[in-house]
Amino acid sequence: MFACICCAVSVDEVNAAIDAGADTVDAVSDATYAGTGCGTCHERLEDLIEARCPLAALRVA
Ligand code: FES
């Protein structure tokens, strides 16, 4: 399953980036290129980050 259609980045690739320390959408984008196209997937990337890194949800934007 793709997390980002524009860049053909899978959920597994995003989760691997999160496990390696990417705890923001920008960090996931830097690691995988996910989210660097239309931006529609940013909310999905945030959800994936929060699912694997619950403290990220507490961060003040
Ligand atoms: S779906 Fe991820 S940038 Fe377009």
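**Exercise 1. Find what the buried residues of H2 pack against, and where on the helix they sit.**

Solution. The buried residues of H2 pack against strand S2 (9-10), H1 and H3. Helices (H or I, at least four residues) and strands (E, at least two) are DSSP runs, numbered from the N terminus. The model is predicted: local features need pLDDT of at least 70 and side-chain atom pairs count only at pLDDT 80 or more, while totals for chains, interfaces and linings use all residues. Residues are numbered from 1 along each chain as its sequence is written.

Step 1. List the residues: in H2, Val25, Val28, Ser29 and Thr32 are buried. A residue is buried if 20 or more other C-beta atoms lie within 10 Å of its own, exposed if 12 or fewer, and partly exposed in between, with C-beta atoms placed from the backbone.

Step 2. Look down the axis of H2: its buried residues fall within an arc of 100°, so they line one face of the helix. The arc is that of the directions from the helix axis to the C-beta atoms.

**Exercise 2. Describe how H1 and H2 cross, and list the residues in their contact.**

Solution. Step 1. The axes of helix H1 (residues 11-19) and H2 come within 9 Å and cross at roughly 115°. Axes are lines fitted to C-alpha atoms, for helices over the stretch in contact, and angles run from 0 to 180 degrees between N-to-C directions.

Step 2. H1 and H2 are therefore roughly perpendicular to each other. Angles under 35 degrees count as roughly parallel, over 145 as roughly antiparallel, 65 to 115 as roughly perpendicular and the rest as oblique.

Step 3. The crossing of H1 with H2 is right-handed. A crossing is left-handed if the near helix is turned anticlockwise from the far one by less than a right angle, and right-handed if clockwise.

Step 4. H1 contributes Glu13, Val14, Ala17 and Ile18 to the contact, and H2 contributes Val28, Ala31 and Thr32. Two residues are in contact if their C-beta atoms, placed from the backbone, lie within 7 Å.

Step 5. Sorted by class, the contact of H1 with H2 has five nonpolar, one polar and one charged residues. Ala, Val, Leu, Ile, Met, Phe, Trp, Tyr, Cys and Pro count as nonpolar, Asp, Glu, Lys and Arg as charged, and the others, Gly among them, as polar.

**Exercise 3. Identify the buried and exposed residues of H1.**

Solution. Step 1. Val14, Ala17 and Ile18 are the buried residues of H1. Down the axis of H1 they fall within an arc of 100°, so they line one face of the helix.

Step 2. The face of H1 turned away from its buried side carries exposed Asp12 and Asp19.

Step 3. The cover over the buried residues of H1 includes strand S1 (2-4), S2, H2 and H3.

**Exercise 4. Describe how H1 meets H3, and which residues of H3 are buried.**

Solution. Step 1. The axes of H1 and H3 come within 10 Å and cross at roughly 50°. That makes H1 oblique to H3. H1 passes H3 in a right-handed crossing.

Step 2. Val11, Val14, Asn15, Ile18 and Asp19 of H1 meet Leu45, Leu48, Ile49 and Arg52 of H3. The residues of this contact divide into six nonpolar, one polar and two charged.

Step 3. In H3, the buried residues are Leu45, Leu48 and Ile49. Seen down the axis of H3, they fall within an arc of 100°, so they line one face of the helix. On the other side of H3, Glu43 and Ala51 are exposed.

Step 4. The buried residues of H3 pack against S1, H1 and H2.

**Exercise 5. Locate the residues with positive phi: alanine 8, glycine 21 and tyrosine 33.**

Solution. Step 1. Most residues other than glycine have a negative phi.

Step 2. Alanine 8 has a positive phi near 50°. Alanine 8 is in the loop between S1 and S2, and with 12 other C-beta atoms within 10 Å it is exposed.

Step 3. Glycine 21, just after H1, takes a positive phi of about 120°.

Step 4. Tyrosine 33 follows H2 and has a positive phi near 75°. Tyrosine 33 is in the loop between H2 and H3, and with 15 other C-beta atoms within 10 Å it is partly exposed.

**Exercise 6. Place cysteine 38 and state its distance from cysteine 4.**

Solution. Step 1. Cysteine 38 lies in the loop between helix H2 (25-32) and helix H3 (42-52).

Step 2. Cysteine 38 counts as exposed because it has 11 C-beta neighbours inside 10 Å.

Step 3. From C-alpha to C-alpha, cysteine 38 and cysteine 4 are 9.4 Å apart in space, and in sequence they are 34 residues apart.
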